[in-house]
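Me: I would like to learn how to read features off a model, one at a time. Can we go through a few cases?

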Amino acid sequence: MKELPGNRSLLFLKKRKKAVLGTASAVLAAVSIAAGTAIVPSDFEVPVMLANGEIITPPWYVTVEGERVALVDSEEDAREAVKLAADHYKNEETVNIEIEEQTSTAEMDLENGDEKPEILTPEEAAAEITAKQELTVKTTEVVTEKEPVEFKKVTKKTDKLYVGQRKVKQKGSEGLKEVTKEVTKENGETIEENLIYEAVLKEPQTRIVLSGTKRQEEDAFTAAADVKQEGSGELTAPVSSMNVTSGFGPRWGRTHLGVDLGMPSGAPISAADAGTVIFTGYSGSYGNLVKVDHGNGMITYYAHCSRVLAEQGQAVERGEVIAEVGSTGNSTGPHLHFEVRMNGENVDPMNYF
Ligand SMILES: [Zn+2]
């Protein structure tokens, strides 16, 4: 048999070393030996012969809070395994890393004739420690990232638009900020975030929506005394064909006060009944407008005209041409917007044909 280094009695010595990681004293752990023998160096490993005849120095355990969690070749490998298990949660932004538990190493009590134990590499041991969550690894990361800044939304009232009408004055856009924060994680799960620094790179732009307050135009018709001619109360088509493209009543959140009659630009518009022209001229969303008072409380409106032919105060016959179809004012294409008002109230013109 090959002579082993040191006193042979050491082979039968049951010893146990326990070292706390990161302390120099661990390396200097005392070894109790039989009386009369020399002091054994601290890094001296006592080999044992296994049942299969293999001679090895005893492996080391990684212990967590005293529990043996993995077996590796040496004390150095045990330390390495713990370091690798902690480093598993490390990234470029990690500034601090701590293990919550008390970790240590302990040499295995291996005796001559024992079966060979299963020994892991530091990498395998670290993977097992991580998989079984044997350790609580607390990391602190300093993270800098860009984040969007929400924009404000405001609604401003305007008398330039009618009630129910809305218009986007400014679209609004997100801003951008750079945020630096300290993120504390436990085994990769964020448990706390603290803002360190924030800088706005781009200011958000407020979204501004205009909301109309303007009421539909009040009737500005003149007194009944001015009416020179009265109508029959029954209307004739103001354009050559009654092609209704939009009827009377609710439309786009407000009430359509008349009917839209699709006609090409320049087509003649005639008075729907005999009456007196009480208004000609441009009137806001109506564009070029003609109003005819037919007496008995009835007034008709002819809007979006390209040209007005009648004059204010003029008496007109039923069917007499007073204007031409156009698309002036708030209009998306040539048509006649035709209204009938009875005693100031808008009514459905289609009830009078
Ligand atoms: Zn209309």
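Me: What should the 13 residues of helix α2 span, at 1.5 Å a residue?
Reply: This is a predicted model, and the check works on its coordinates. The 13 residues of α2, 75–87, should span 18 Å, and the end C-alpha atoms are 18 Å apart, so the two agree.

Me: Which residues of α2 are buried?
Reply: The general idea comes first. An α-helix has 3.6 residues a turn, so residues three or four places apart point the same way. In α2 the buried residues are Glu75, Asp77, Ala78, Ala81, Val82, Ala85 and Ala86.

Me: Which residues coordinate the zinc ion, and through which atoms?
Reply: His256 donates through NE2, Asp260 through OD and His337 through ND1, at 1.9 to 2.3 Å. Along the chain, these donors follow the spacing H-x3-D-x76-H. Histidine 256 sits in strand β16 (residues 254–256) and histidine 337 in strand β25 (residues 335–342), so the pair ties together parts that are 81 residues apart in sequence.

Me: Are histidine 256 and histidine 337 buried or exposed?
Reply: Both histidines, 256 and 337, are buried.

Me: Which sign does phi have at glutamate 65?
Reply: Most residues other than glycine have a negative phi. Glutamate 65 is not a glycine, yet its phi is positive, about 50°. Glutamate 65 lies in the loop between β4 (60–64) and β5 (67–72). Its relative accessibility is 53%, so glutamate 65 counts as exposed.

Me: Where is asparagine 343 found?
Reply: Asparagine 343 is in the loop between β25 and β26 (345–347). Asparagine 343 also has a positive phi of about 50° without being a glycine. At 62% relative accessibility, asparagine 343 counts as exposed.

Me: In what order do the 3 strands of the open sheet run?
Reply: The order is β18-β24-β22, with antiparallel pairing. To read such a sheet, look for the edges. Here β18 (268–270) and β22 (307–308) are the edge strands, each with a single partner, so one side of each is left without a neighbour in the sheet.

Me: How many bridges join β18 and strand β24?
Reply: β18 pairs with β24 (residues 321–324) over 3 bridges, in the antiparallel sense. One residue pair to look up is isoleucine 269 with its bridge partner in β24, alanine 323.

Me: Which residues make the nonpolar surface patch of about 380 Å²?
Reply: Val95, Val142, Ile196 and Tyr197 make that patch. To place one of them, isoleucine 196 is in strand β12 (residues 189–202).

Conventions:
Residues numbered from 1 in each chain as written. Predicted model: local features only at pLDDT ≥ 70, side-chain atom pairs only at ≥ 80, totals over all residues. Heavy atoms only, no water. Patch = residues over 30% accessible without salt bridge, like charges linked within 9 Å, V, L, I, M, F, W, Y side chains within 5 Å. Areas by Shrake-Rupley, 256 points an atom, 1.4 Å probe, with all protein chains shown as cover. Salt bridge = Lys/Arg side-chain N within 4 Å of Asp/Glu carboxyl O. Helix = DSSP H or I, 4+ residues; strand = E, 2+ residues; numbered from the N terminus. Donors = N, O, S within 2.8 Å, 3.2 Å for Na, K, Ca; no water. Buried < 20%, exposed > 50% of the residue type's maximum accessible area, 1.4 Å probe, protein only. Expected span 1.5 Å × (residues − 1). Pairing = 2+ DSSP bridges.
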